[in-house]
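Me: Please pick one part of this chain and look at it closely. Then show how that part fits in with the rest.

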Amino acid sequence: HESLTWAYRSDLYAAAFTRGEWLPFWDASANFGLGSPMPLVYHKLYYLLAGLLQFIGLADKATAIVSLCFFALIGSSGVFAIGGQLQLSSTHRLVIAATFPHLNYLATDWLVRGAFAEFSAVCLIPWLIWWCITLLTTTRVSWSISLILTLTLLAHSVIALFSLIPLAVAFVVAFGVGKDCRPALLRQLTASILLFAFMALPLVFLIFGVTEYFDVSHITSVPTSHQFQPFGRYFYDPDYKWGEDWFTYTVQIDLPLTLGITALSLVWLIHFFSSPSAKHSVATESKNIPSAHVWWFLASTLSLFFWMQHPSSTIFYEQVPGANLIQFPWRLLGYISVLLLVVLMMLLHSLEDLRHGVTLNWRSTDLHLTKIFGITTLRLISAAIIILSLVRSIDYGSHKKSCLATPSAAVWPEYFPRMPDDSSTEEKKWA
């Protein structure tokens with residue numbers, strides 16, 4: 001997907017920093033010396049960090065490893081924070097947070113596709129979901145949403161655009177259940193929107209100004225409707241074997257995650273229906289965790305994102321402005337994967353409520369939980385082996401040198417200059 005363009009962009013940012021350009025807007029060496037607005041139009045957050053690391057002296061390979069680990073830590077911290085909001089035990093929070101960077105789609109981004117910019121944005125999604133759950137559990141709009149959205153916009157503008165979906169769902173649920181808080185919610189939301197606009201709009205206006213002179217239609221040259229995958233593959237892809245080669249991918253959601261959610265759901269249902277006191281325990285659960293509100297949010301948001309993986313959502317991508325910029329619908333697996341982790345945490349929270357509120361035979365349940373966490377731990381170990389093996393075997397430096405042998409190596413077709421309507425056939429072909 002990205003090949004080794006991440007290395008070129010990192011070098012470009014490092015070179016810009018040496019000239020005192022702390023927010024680069026122009027790449028003078030690209031497109032055979034014609035130049036390109038790629039640094040302005042393209043996603044920035046990962047490359048600001050990677051460029052800074054190279055600027056202070058880190059090698060290319062070390063820069064990539066440190067940058068990816070940094071964003072993985074940010075994402076795992078967000079998952080851990082969500083578990084804290086749900087009052088989950090520290091052990092469960094730690095295990096699930098450690099799983100985050102090894103999810104199939106996360107590994108697809110940073111390892112297979114080399115989509116480091118998108119990876120950095122997906123690592124901010126847990127903090128976006130944390131904000132949504134905070135809204136649902138406190139009925140207060142935290143000012144942190146302005147910073148989260150601004151960083152997500154810098155990381156990946158398309159991921160930021162689709163963040164409006166979980167935000168809208170969370171606000172609708174909170175507005176519906178918090179009747180006494182509605183005026184305060186509206187005031188707080190308006191203030192947060194204004195703060196975000198103050199931080200983000202100058203950059204957005206610059207980008208729209210540049211697209212008047214540079215052709216960005218290449219981004220949507222392949223219709224989103226051509227990128228749908230068979231829906232069953234999201235749950236099981238029989239044609240894919242993890243680790244078989246380094247350049248193919250799958251849209252399959254992690255089997256340990258889906259199987260774990262299924263097993264915990266069955267355990268919860270068995271205990272719920274087998275004991276009258278279990279139903280009473282659920283009805284009188286902790287007032288600090290309005291589980292129904294969170295469940296409504298999770299069910300609604302997941303339903304929308306899964307629907308967007310189905311061909312019936314073609315009208316959405318064709319009619320909603322900017323929706324087709326997603327390019328391929330399965331890019332939303334970043335959101336789906338994080339939301340499913342939250343579902344797993346909610347199930348664990350519900351089981352802990354039952355365990356503390358009802359006298360039950362928990363030997364069988366403990367066995368199920370042990371198996372689930374055993375699978376998760378095993379997956380972490382195997383993922384770590386694969387990662388370390390590939391990092392040791394791939395010589396990023398030599399590949400990068402061959403790609404960047406000349407300034408003309410970087411060609412960004414989506415950022416070619418626009419040509420006048422009366423240009424020659426050859427000029428139109430170039431445009």
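Reply: A helix here is a DSSP run of H or I with at least four residues, and a strand is a run of E with at least two, numbered from the N terminus. The model is predicted, so local features need pLDDT of at least 70 and side-chain atom pairs pLDDT 80 or more, while totals for chains, interfaces and linings use all residues. Residues are numbered from 1 along each chain as its sequence is written, and side-chain values use heavy atoms, without hydrogens or water.

The part chosen is helix α8, which runs over residues 125–138. Its 14 residues span 20 Å from the first C-alpha to the last. That is close to the expected 20 Å, which is 1.5 Å times one less than the number of residues. Directly after α8, threonine 139 has a positive phi of about 50 degrees.

How many residues of α8 are buried? The count is 12 of 14, so the helix is mostly covered (buried: under 20% relative accessible area; exposed: over 50%; partly exposed: in between; 1.4 Å probe, protein chains only). Among the buried residues are Ile125, Pro126, Leu128, Trp130 and Cys132. Ile129 and Trp131 are also on that list, as are Thr134 and Thr137. In the chain as a whole, 49% of the 431 residues count as buried.

Isoleucine 129 shows what the helix packs against. Leaving out residues up to four places away in sequence, isoleucine 129 touches Ile82, Pro166, Phe297, Val338, Leu339 and Val342 (contact: heavy atoms within 4.5 Å). Ile129 and Trp131 also belong to the largest nonpolar core, and both are among its residues with the most contacts inside it (core: buried Ala, Val, Leu, Ile, Met, Phe, Trp, Tyr and Cys joined through side-chain atoms within 4.5 Å). Phe162, Phe297, Tyr317 and Val342 are listed with them, and the core has 102 residues. Helix α17 (residues 333–357) contributes the most, with 14 residues. A second, separate core has five residues, including Val41, Leu203, Val210 and Phe214.

The wider chain has 20 helices and zero strands. Among contacts with a separation of 6 or more, 75% join residues that are 24 or more positions apart.

Charged pairs come next. There are four salt bridges (a side-chain nitrogen of Lys or Arg within 4 Å of a carboxyl oxygen of Asp or Glu). Glutamate 118 and arginine 331 form one of these, at 2.9 Å from N to O. Glutamate 118 lies in helix α7 (residues 116–122) and arginine 331 in the loop between α16 and α17, 213 residues away, so the pair links distant parts of the chain. Both glutamate 118 and arginine 331 are buried.

Aspartate 109 pairs with arginine 113, with the closest N and O atoms 2.6 Å apart. Aspartate 109 is buried because its relative accessibility is 0%, and arginine 113 is buried at 4%. Asp109, Arg113, Glu118 and Arg331 are linked in a network of salt bridges.

Another salt bridge joins glutamate 21 and arginine 19, with the closest N and O atoms 3.1 Å apart. Glutamate 21 counts as partly exposed because its relative accessibility is 32%, whereas arginine 19 is exposed at 52%.
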